[in-house]
Amino acid sequence: MAIQSSVPTFVGALACQRNPFLSKEFKTIVLSCEPTKKKAQYLVELKDTILFPEGGGQPSDSGNFLVPSTGEKLDVFKVSRNGLHAMHHVNGFIKPGTEVELNLNWAQRLDYMQQHTGQHLLSAVLEKEWGLSTVSWSMGGVPTDKKPIIDPSDVFNYVELNRKLTDDEISRLSVLCNEYITINPQKISVVERTADIQVNSEVDASKIPDDYDLSQGILRTIYIGDLDANPCCGTHLTSTTQLGSILVLRSQTSVRGTNSRLYFTCGSRVWKYASFANTVLTLSKGLLSCGEADIPNKVELQRDLVQKTSKKEQYWMKEVALSETEALIKSIETSGQGFVVRDENGGLDYLTQINKDLTSKLSSRGITDYKVILCGRDKHLNSGVMMILSNSGEEIASIAASLTEIVSTLKGGGGKKGGKWQGKISDFKKGEWESLVNYLEAEF
Ligand SMILES: [Zn+2]
């Protein structure tokens, strides 16, 4: 049972919400510590906290507790909200009544505040300039258990709007948002209201979660100068200048009929993405020997060239396969047997083509008694493919046994009642290819 030694500060009035720039050495008291269903995980409630529990589209903070009296350190990997209570998920037991020092993963928090506050500004400008309401928003670039590593393209957040923006509107939106960051900065402030003060008409309280008891809690309203007022429990920057920059993408995604997702990113993510994009562009310019603007044209030309070359290769491969098949037929007509051995580019597609041509020609010429070996090697990979073709299942089994003795990694099957046995060689050992060629030349 939890030991309560004091009254907790409710979500809405937490230290992280009242001063989001508190980041380390925050002293407080452990009120309760309960084991969870997960091994070595505990839920801790503190008298107050600088670690924000998830809410308002902003993910949870992470950080650690330091126990000054013992020097012990516990990791806080998540903070969740349970009604009015902030619950810290930690990796060890800590006795209620203990004084702890809290430290926040500040780089992560600052990033989250930049994205979150950036969304407030972007949505405010969309509303003011075009009367466009934000239907919903989602923060990108948040590691999860399923995807702990963030890809460069994951840095984008989106707002869902009830229509797509034009290219001109996106340019205008970018200029306006960045003007609020550079030449026309706005102070960001928060007003706290308790239940005994009526929520006035400028604030939409409909987005407050159902499990948040407003009669005991606090309604927080964030103001961006006189541009915007919104109820929000998250942590925010104190000035739009702290956003650094906002990048809005032109490519949008259609959702739910005519709605559209508009992608953007803020703060340090902008220069980090620019740096990544520059690396990719520099490499591409070098590979294609052209300037940035020519990269799409060059890639298109290369793609067309590959398609044409591939068609040509297919044509010549079929021609060579047909020629080898003609030679095989002559050999079969003379001795009832034959082989094809191709030291380079003897892939499965090539052998399959010969098998197809051969089957057709054997049938049209009424040849029913035959034994043929098709073998190819990929010199670069040092691997190969093998086909044994015969009307006799016994012949196939006998030849397969002989070949397996020569090539140690040969594995295959089929043709028990005659037809085709097919196998793969994962790795030719030293001298095996030469021994195989000698065997085929001597026996076939
Ligand atoms: Zn907010």
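**Exercise 1. In which sense do β14 and β15 pair, and over how many bridges?**

Solution. In this predicted model, β14 and β15 pair in the parallel sense, and the pairing extends over six bridges. To place a residue within this pairing, take Val341, which stands opposite Cys375 in β15.

**Exercise 2. Place these strands in their sheet, and state which strands stand at the edges.**

Solution. Begin with the order, which is β14-β15-β16-β18-β17 in an open sheet of five strands, with mixed pairing. Next, look at the ends of that order: β14 (337-342) and β17 (410-413) each have a single partner strand, so one side of each is left without a neighbour in the sheet. Neighbouring strands of this sheet are turned against each other by 15° on average, with direction ignored. For the pairing of β16 (residues 383-390) with β18 (residues 419-425), the sense is antiparallel and there are seven bridges; within it, Met387 has Gln422 of β18 as its bridge partner.

**Exercise 3. Which side chains of β14 point to the buried face?**

Solution. In a regular strand the side chains alternate between the two faces of the sheet. Applied to β14, this alternation puts Gly338, Val340 and Arg342 on one face, where they are buried. Gln337, Phe339 and Val341 point to the other face and are not buried.

**Exercise 4. Locate His380 and decide whether this residue counts as buried or exposed.**

Solution. First, His380 lies in the loop between β15 (371-378) and β16. Second, the cut-off for an exposed residue is 12 or fewer other C-beta atoms within 10 Å; because His380 has 8 C-beta neighbours inside 10 Å, His380 counts as exposed. Finally, compare sequence with space: His380 and Asn345 are 35 residues apart in sequence, and their C-alpha atoms are 9.3 Å apart.

**Exercise 5. Describe how α2 and α3 cross, and work out which residues make the contact.**

Solution. Two packed helices are described by the angle between their axes and the distance between the axes. For helix α2 (residues 106-130) and helix α3 (residues 167-181), the axes come within 10 Å and cross at roughly 120°. That angle makes α2 oblique to α3, and α2 passes α3 in a right-handed crossing. On the α2 side the contact is made by Leu121, Leu122, Val125, Leu126, Glu129 and Trp130, which meet Glu169, Leu173, Leu176, Cys177 and Tyr180 in α3. Sorting the residues of this contact by character gives nine nonpolar, no polar and two charged.

Notes: Residues numbered from 1 in each chain as written. Predicted model: local features only at pLDDT ≥ 70, side-chain atom pairs only at ≥ 80, totals over all residues. Axes fitted to C-alpha atoms, helices over the stretch in contact; angles between N-to-C directions. Helix = DSSP H or I, 4+ residues; strand = E, 2+ residues; numbered from the N terminus. Parallel < 35°, antiparallel > 145°, perpendicular 65-115°, else oblique. Left-handed = near helix turned anticlockwise from the far one by under 90°. Contact = placed C-beta atoms within 7 Å. Nonpolar A, V, L, I, M, F, W, Y, C, P; charged D, E, K, R; others polar. Pairing = 2+ DSSP bridges. Buried ≥ 20, exposed ≤ 12 C-beta atoms within 10 Å, placed from the backbone.
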